[in-house]
Amino acid sequence: MLREALGKAGIEVGGKNPWDIQVKDRSFYERIIADGVLGLGESYMEGGWSCAALDQFVDRASRAGLEEKIQDSWSNRLHIIKSRAFNLQKVKRAFQVGEQHYDLGNDLYTAMLDSRMQYTCGYWRNAKDLEKAQLAKLDLVCQKIQLKKGMHVLEFGCGWGGFARYAAERYGAVVTGYTVAKEQAAYAREKCRKLPVTIHLEDYRKATGQYDAVVSIGIMEHVGYRNYATYMETAERCLKDDGIAFVHTIGGNRSTTIANAWIHKYIFPNGMLPSVAQLGRAMEGRFVMEDWHNFGPDYDRTLMAWHRNFVKAWPKLKKSFDDRFYRMWEFYLLGSAGAFRARSQQLWQIVMTKEGRAMPPRLN
């Protein structure tokens with residue numbers, strides 16, 4: 001049955017194409033039948049199968065809807081039940097993703113990311129490398145919020161402070177950032193110590209004050225469907241009447257309540273992708289949607305660049321991580337690149353204002 005499903009995606013077990021897979025452990029089939037995508041990923045991490053071009057495998061599998069065909073496992077059903085019975089992203093659980101993912105070590109992220117530690121999609125429209133793509137993304141955000149000298153900006157999920165530093169250095173803005181990762185907070189405070197930037201190690205829901213702009217670049221993936229309304233309420237509360245709210249997030253084509261079980265267990269605990277409908281319902285009555293920009297294919301290029309940097313740095317990184325981690329990280333980066341290439345995931349930038357405010361100028 002699995003071979004037949006793979007065959008419909010143009011993937012052959014033991015084939016010679018770069019997207020074909022080589023099965024080394026016969027339990028591979030049992031793992032997928034029992035645990036779906038979770039079993040597929042765990043088997044890869046343990047060396048049960050390999051693929052010369054994992055991104056191309058995932059691209060083909062995604063286009064053929066293979067994930068939907070194999071995800072009906074008991075582990076996935078349990079994950080769905082938990083997501084519907086509990087708020088997996090409530091305040092006291094918010095720090096889990098920081099501890100498990102963002103605090104893995106700054107050496108890993110320094111080697112993989114650009115010089116400003118941007119861990120979100122770059123903007124490749126006129127860029128030829130990762131560094132320029134990330135700078136273009138940062139400047140695009142500043143233009144969309146009409147950033148000017150002296151403006152006060154609130155940033156939910158400020159990461160390693162890359163946007164805050166750019167906005168303060170290039171535009172003279174005053175930035176207040178929130179993150180739930182200790183390593184990120186320490187790094188951001190050090191890099192921004194001479195700038196008008198304040199970093200809080202705290203959940204975004206604790207933010208106070210009023211700002212000219214409220215932005216988030218890559219936090220909505222951790223907010224959870226039960227909290228989208230709370231997110232919008234917090235942004236509305238902290239935004240001046242004539243201000244601009246901005247969201248940069250990965251988005252899904254369908255409304256769901258979970259990420260796939262492998263991503264939840266190994267990469268982003270409690271994460272999930274919002275849909276247009278879910279974000280739209282949360283915005284309704286709170287914000288006017290001024291602009292909704294999709295450049296999802298740019299995330300494919302960003303992830304492939306991160307993977308090249310990761311592989312190049314592995315001789316040094318392997319002193320801190322084992323081979324199982326290498327395969328896990330490879331499955332994460334290349335699998336995500338394939339999903340964006342297949343258009344099963346999107347990258348959205350959303351500009352919002354309060355009702356009654358003049359429409360911001362359009363960007364060409």
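Biologist: Which residue stands opposite His 152 in β4?
Modeller: This is a predicted model. Strand β3 covers residues 152-156 and runs parallel to β4, with five bridges joining the two. Opposite His 152 in β4 stands Val 174.

Biologist: Through which helix does the chain cross from β3 to β4?
Modeller: The path makes a β-α-β crossover, and this crossover is right-handed. The helix spans residues 162-171. The chain passes through α9.

Biologist: Which residue stands opposite Glu 155 in β4?
Modeller: Glu 155 falls within β3, since that strand holds residues 152-156. β3 is joined to β4 by five bridges. The residue opposite Glu 155 is Gly 177.

Biologist: How many residues of α9 are buried?
Modeller: Helix α9 is mostly covered, and it has 10 residues. Among the buried ones are Phe 163, Arg 165 and Tyr 166. They pack against several elements, including α8, β3 and β6. The number of buried residues in α9 is seven.

Biologist: Which residue follows α9, and what is the sign of its phi?
Modeller: Look just past the end of the helix. Gly 172 comes after α9. Its phi lies near 70 degrees, and its sign is positive.

Biologist: How many residues of β4 are buried?
Modeller: β4 runs from residue 174 to 179. The strand has six residues and is mostly covered. Its buried residues number five.

Biologist: Which helix makes a β-α-β unit with β4 and β5?
Modeller: β4 and β5 run parallel and are joined by five bridges. Val 175 stands opposite Val 197 in β5. The unit is right-handed, and its helix covers residues 182-191. That helix is α10.

Biologist: In what order do the seven strands form the open sheet?
Modeller: The pairing in this sheet is mixed. Strands pair through backbone hydrogen bonds, either parallel or antiparallel. Here the order is β5-β4-β3-β6-β7-β9-β8.

Biologist: Which strands stand at the edges of the sheet?
Modeller: An edge strand here has a single partner strand, so one side is left without a neighbour in the sheet. The two edge strands are β5 and β8.

Biologist: By how many degrees are neighbouring strands of this sheet turned against each other on average?
Modeller: Take the sheet in its order, β5-β4-β3-β6-β7-β9-β8. Direction is ignored for this angle. The average turn is 15 degrees.

Biologist: Across which strands does helix α14 lie?
Modeller: α14 spans residues 276-283 and runs at about 15 degrees to β9. The strands it lies across are β7, β8 and β9.

Biologist: Is Ser 275 buried or exposed?
Modeller: Ser 275 sits in the loop between α13 and α14. Contacts of Ser 275 include Arg 254 and Trp 348. With 2% relative accessibility, Ser 275 is under the 20% cut-off, so it counts as buried.

Biologist: Which helix gives the most residues to the largest nonpolar core?
Modeller: Nonpolar side chains tend to be buried together in soluble globular proteins. This core has 74 residues, and Trp 49, Phe 57, Tyr 119, Trp 262, Phe 310 and Trp 329 touch the most other members. One helix, residues 323-341, gives 10 residues, the most to this core. That helix is α16.

Biologist: Which tyrosines does Trp 329 touch, not counting residues up to four places away in sequence?
Modeller: Trp 329 touches His 101, Leu 104, Leu 108, Met 112 and Phe 310, among others. The tyrosines on its list are Tyr 109 and Tyr 119.

Biologist: How far apart are the C-alpha atoms of Leu 303 and Leu 333?
Modeller: Leu 303 lies in helix α15. With a relative accessible area of 3%, Leu 303 is buried. It touches Leu 333, Ser 336, Ala 337 and Phe 340. Leu 303 and Leu 333 are 30 residues apart along the chain, yet their C-alpha atoms are separated by 5.9 Å.

Biologist: With which side chain does the side chain of Asp 55 make a polar contact?
Modeller: Asp 55 lies in helix α3. At 8% relative accessibility, Asp 55 counts as buried. It touches residues including Met 304, Leu 334 and Gly 338. The polar contact spans 2.9 Å, and the partner is the side chain of Arg 341.

Note on methods. Residues numbered from 1 in each chain as written. Predicted model: local features only at pLDDT ≥ 70, side-chain atom pairs only at ≥ 80, totals over all residues. Heavy atoms only, no water. Pairing = 2+ DSSP bridges. Helix = DSSP H or I, 4+ residues; strand = E, 2+ residues; numbered from the N terminus. Right-handed = clockwise from strand over helix to strand, strands pointing away. Core = buried A, V, L, I, M, F, W, Y, C linked by side-chain atoms within 4.5 Å. Buried < 20%, exposed > 50% of the residue type's maximum accessible area, 1.4 Å probe, protein only. Contact = heavy atoms within 4.5 Å. Axes fitted to C-alpha atoms, helices over the stretch in contact; angles between N-to-C directions. Polar contact = N/O pair within 3.5 Å; in protein donor to acceptor, adjacent residues only side chain to side chain.
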